[in-house]
Amino acid sequence: MSVDGGRVGDKVDWSRCREPWQSTPTLAIRGDVVQRPLPKIVISTLTALATTLLAVLIAPPAYSADPVRIMPLGDSITGSPGCWRALLWNELQDTGYTDIDFVGTLGPQGCGVPYDGDNEGHGGALVTNVANQNQLPGWLSATNPDVVLMHFGTNDVWSGRSTGQILAAYDTLVDQMRANNPGMQVLVAQIIPMDPNRSCPQCGDRVEALNAAIPGWAAGKSTQQSPITVVDQWTGYSAVTDTYDGVHPNESGIQKIADRWYPALAAVLDGVPTSPPPTTPPTTGPTSEPTGEPTVEPTTEPPPPPPGGCDAAYQVINEWQGGFQAEVSVTNTGTSPITGWEVAFTFTDGQQVTQYWGGQLDQVGAGVTVHNETWNGNLAPGAGANMGFLATWNGTNSVPATTCTAT
């Protein structure tokens, strides 16, 4: 049996084969030589296949990662109005970290500059209450963050919660974060100091005790998949000169907070893992032919949406002999945006407001009226705003009924 004049078992003489660029490709068999050029179409096809294979092997994945979602989490220091977030956002943008998204169920509160203001800074909130009342999972499922910045515990310190109770709440919150996202990156602040002369006499020492315990707690709770980074917001921060009331940051205070968050967050953003989109292709068309006639669109115009409405909830946050702290939470319960709100209530036990924030408050006798600030009056449907105050009481501190009017 022979092949084109050759014989089965003959050896191939490779010395008589030339490179394709030297001559027309041939097949040489010892004995008889068969000079049969390869068709040009075969050569072109093989070249194209090789080029395609090489491109597949060396090409990077062709997908665009979603923006990194960052949740600022805490109390009024974070959210009312929490303008350190505006400074931090713009510093990140100016230095090239533009593929980010601040997230939260609370909307922005004006700080005089454009920024992504979404957050979870709940005025008057205690981290122990947030943990015990299981509030965080709902916020997480609504926003799905990749990174959490947490400055939380100031109201717990003021309310006499122990360091152990606060750290146990941190444990709960971190577990809930990881249940939502196993790779959650968590940045936890050693909280800013409190002036004992304008908060509570023990507050300064309680803050120091909490801050001293946070690094050890973080080391024990951190994992390789979900690391915890401690950010020192306490050192170099003055409760006297960097706050306007011994607790909440003033202009110099918000700058210091932003400056401390920035390098820690930038380091995390440089290494945050991102996931490619699903590999299952979307359905490109119907799987069967439509049957029947198409649905006829209605010709009548839909009715206009009802006007926006609002609801107000009054809550005593903390109480001590002769004084208390309360919060009023306003929610747009309508289906259209509102541009302002007014809350009214009447004390029944002689309470007198001594300090307030997050709203314009006026008390005449027992009657109290609160109007929104310029930065928290615009509320989308379902959005909310918080205002808080300190007041005196004597003997009884009944919770008044509230009314809310959208303007």
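## Exercises on pockets, helices and a buried strand residue

Strand β12 supplies four residues to the lining of the largest pocket, the largest share of that lining. This is a predicted model: local features need pLDDT of at least 70, side-chain atom pairs count only at pLDDT 80 or more, and totals for chains, interfaces and linings use all residues. Residues are numbered from 1 along each chain as its sequence is written, and side-chain values use heavy atoms, without hydrogens or water.

**Exercise 1. Describe the lining of the largest pocket.**

Step 1. Fix the terms. On a 1 Å grid over the protein atoms alone, a pocket is an open set of points with protein on both sides within 12 Å along at least five of seven lines. A cavity is a set where a 1.4 Å probe fits but cannot get out. Lining residues have an atom within 4 Å of a point.

Step 2. Take the volume, the space filled by probe spheres set on the points, with points joined across faces, edges and corners. For the largest pocket this is about 380 Å³.

Step 3. List the residues. The lining holds 23 residues. Nearest the centre lie His122, Trp139, Glu327, Ser329 and Asn386.

Step 4. Assign elements, which are DSSP runs numbered from the N terminus: helices (H or I, at least four residues) and strands (E, at least two). α4 (127-132), β11 (310-320), β12 (323-332) and β17 (384-392) each give at least two lining residues.

Step 5. Sort by chemistry. Nonpolar covers Ala, Val, Leu, Ile, Met, Phe, Trp, Tyr, Cys and Pro; charged covers Asp, Glu, Lys and Arg; the others, Gly among them, are polar. The pocket lining has nine nonpolar, 13 polar and one charged residue.

**Exercise 2. Which residues of α5 are buried, and what do they pack against?**

Step 1. Apply the cut-offs. Buried means under 20% relative accessible area, exposed over 50%, partly exposed in between (1.4 Å probe, protein chains only).

Step 2. Read along α5 (residues 136-143). Leu136, Trp139, Leu140 and Thr143 are buried. Viewed down the axis, these residues fall within an arc of 100° (from the directions of axis to C-beta atoms), so they line one face of α5. An α-helix has 3.6 residues a turn, so residues three or four places apart point the same way.

Step 3. Turn the helix over. Exposed Ser141 and Ala142 sit on the face of α5 away from the buried side.

Step 4. Find the partners. Buried residues of α5 pack against β5 (68-74), β7 (120-121), α4 and α7 (163-180). Contact means heavy atoms within 4.5 Å.

**Exercise 3. Compare the linings of the largest and second largest cavities.**

Step 1. Count. The whole structure has three cavities of 30 Å³ or more.

Step 2. Take the largest cavity, with about 70 Å³ of space. Asp75, Ser76, Gly124, Thr154, Asn155, Trp158, Val247, His248, Gln325 and Trp357 line the largest cavity. Helix α6 (residues 154-158) gives the most, three residues. The split is three nonpolar, six polar and one charged.

Step 3. Take the second largest cavity, at about 40 Å³. Trp158, Arg198, Asp245, Val247, His248, Gln355, Trp357 and Leu390 form its lining. Here the split is four nonpolar, two polar and two charged.

Step 4. Overlay the lists. Trp158, Val247, His248 and Trp357 appear in both linings.

**Exercise 4. Is phenylalanine 324 buried or exposed?**

Step 1. Place the residue. Phenylalanine 324 lies in strand β12.

Step 2. Check its area. The relative accessible area of phenylalanine 324 is 0%, so it is buried.

Step 3. List contacts beyond four places in sequence. Phenylalanine 324 touches Tyr314, Val316, Asn318, Glu319, Phe347, Gln351, Phe389, Leu390, Ala391, Thr392, Trp393 and Asn397.

Step 4. Pick one distant partner. Threonine 392 is 68 residues away along the chain, yet the two C-alpha atoms are separated by 6.3 Å.

Step 5. Set this in the chain. Buried residues make up 42% of the 407 residues. Of the contacts between residues at least 6 apart in sequence, 73% join residues at least 24 apart.

**Exercise 5. Where do proline 81, asparagine 134 and asparagine 144 lie?**

Step 1. Proline 81 is in the loop between α2 (76-79) and α3 (84-94). The peptide bond from serine 80 to proline 81 is cis, with omega near -5°.

Step 2. Asparagine 134 is in the loop between α4 and α5. Its phi is positive, near 55°. Asparagine 134 is partly exposed, at 48% relative accessible area.

Step 3. Asparagine 144 is in the loop between α5 and β8 (147-151). Its phi is positive, about 50°, although it is not a glycine. Asparagine 144 is partly exposed, at 40%.
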